[in-house]
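Visitor: I should like to learn how the features of a structure are read. May we take one chain and work through it?

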Amino acid sequence: MPDQGAGAAAGPDQDLVEELRLAGCVYAEDEAELVTGSLRARQMSPAADEAIALVRDYVERRRAGEPAEYILGWAGFSGLRVAVGPGVFIPRRWSERLVGRAAELLNATGSGIAVDLGAGSGAIALGIHALAPAATIWAIEVDPRAVEWAARNCAGVDSITVLCGDLYGALPAELHRRVDVVAGSLPYVPRAELEDLPRDHVVNEPVVAFDGGADGLTGVRRALREATRWLRPGGRILLEIGVGQGTLAAAVAGDAGLTAVVIERDEDGGELFLEAAA
């Protein structure tokens, strides 16, 4: 559903902002707007006893380190509200660049077939669908708990099929060499660096969504090596990578027989995702 956010009413309650700052929330003003917007969506006065209790519960849960998205029950992504909760990775806004590029490639084909590897909540598949509605999308996720969230979010979208499986292993054989775009946010954090992630991540979200093995590229490497079995000639694979992984990921793509390798970067020069052609 569209992400309505907090609306265009008055700014966030400054007392709530301060409470959230004291609770360790880096983006306290943004969170305060989300909380008050949620109350407005329920047509609740901030002064009502029930609203006060809900706000107090939110602050205490945030103080304990629970992600804001889990408490609210949704994450804003690519103009959508994607349902999330315990057991599923929370989609990050930086993945929207990958979604936009995948949709651009699909729209250039007129329709196209896309595969979302490591679909998690289904956010990337839904984002691609919103921008390239004529595309057929296969969303693949290995964690059964996350598959339940993806199936819930994608229910009613006939062009998205959610499957539980390990990378390409869940795809039907008739898709061999027919896929236009493979896109995905696979785990890319080196195992030794997992303990350096923010508390909210390591305590609440599934570790399997972050653990990229010894160098962070275990899953990415497999996806690149197997891509040419599924992509049509000229089809593209887009995979998120971590900062500092561009050179190694590009070399893996080249060794896998992929060409036209490009590393997409953010405004600060950090790697966002790799794109390569079959």
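Guide: Let us begin with secondary structure: helices (at least four residues) and strands (at least two) are DSSP runs, numbered from the N terminus. The model before us is predicted, and its chain comes to 10 helices and nine strands.

Visitor: How compact is the chain, judged by its radius of gyration?

Guide: The radius of gyration is taken over C-alpha atoms and set against the globule rule. Here the value is 20 Å, close to the 19 Å that the rule gives for 278 residues, so the chain is as compact as a globular protein of that length. Along the principal axes, its C-alpha atoms fill a box of roughly 60 × 40 × 35 Å.

Visitor: What share of the contacts with a separation of 6 or more joins residues 24 or more positions apart?

Guide: In this chain, such residues account for 64% of those contacts.

Visitor: What should be said of burial and surface?

Guide: A residue is buried when its relative accessible area is under 20%. Buried residues make up 50% of the 278 in this chain. The accessible surface comes to about 12,900 Å², and carbon and sulfur atoms hold 52% of that area.

Visitor: How far apart are the mean positions of the positive and negative charges?

Guide: The chain has 25 positive and 41 negative charges, and their mean positions lie 5 Å apart.

Visitor: Is Arg-40 buried, partly exposed or exposed?

Guide: Partly exposed means between 20% and 50%; Arg-40 counts as such because its relative accessibility is 35%. Arg-40 belongs to helix α2, residues 28-41. Its C-alpha is 9.8 Å from that of Ala-51, which is 11 residues away in sequence.

Key
Residues are numbered from 1 along each chain as its sequence is written. This is a predicted model: local features need pLDDT of at least 70, side-chain atom pairs count only at pLDDT 80 or more; totals for chains, interfaces and linings use all residues. Side-chain values use heavy atoms; hydrogens and water are left out. The radius of gyration is taken over C-alpha atoms; the globule rule is 2.2 Å times the number of residues to the power 0.38. Buried means under 20% relative accessible area, exposed over 50%, partly exposed in between (1.4 Å probe, protein chains only). Contact means heavy atoms within 4.5 Å. Accessible areas come from the Shrake-Rupley method with a 1.4 Å probe; for residues, only the protein chains shown count as cover. Lys and Arg count as positive and Asp and Glu as negative; His and the chain ends are not counted. The place of a charge is taken as NZ of Lys, CZ of Arg, CG of Asp or CD of Glu.
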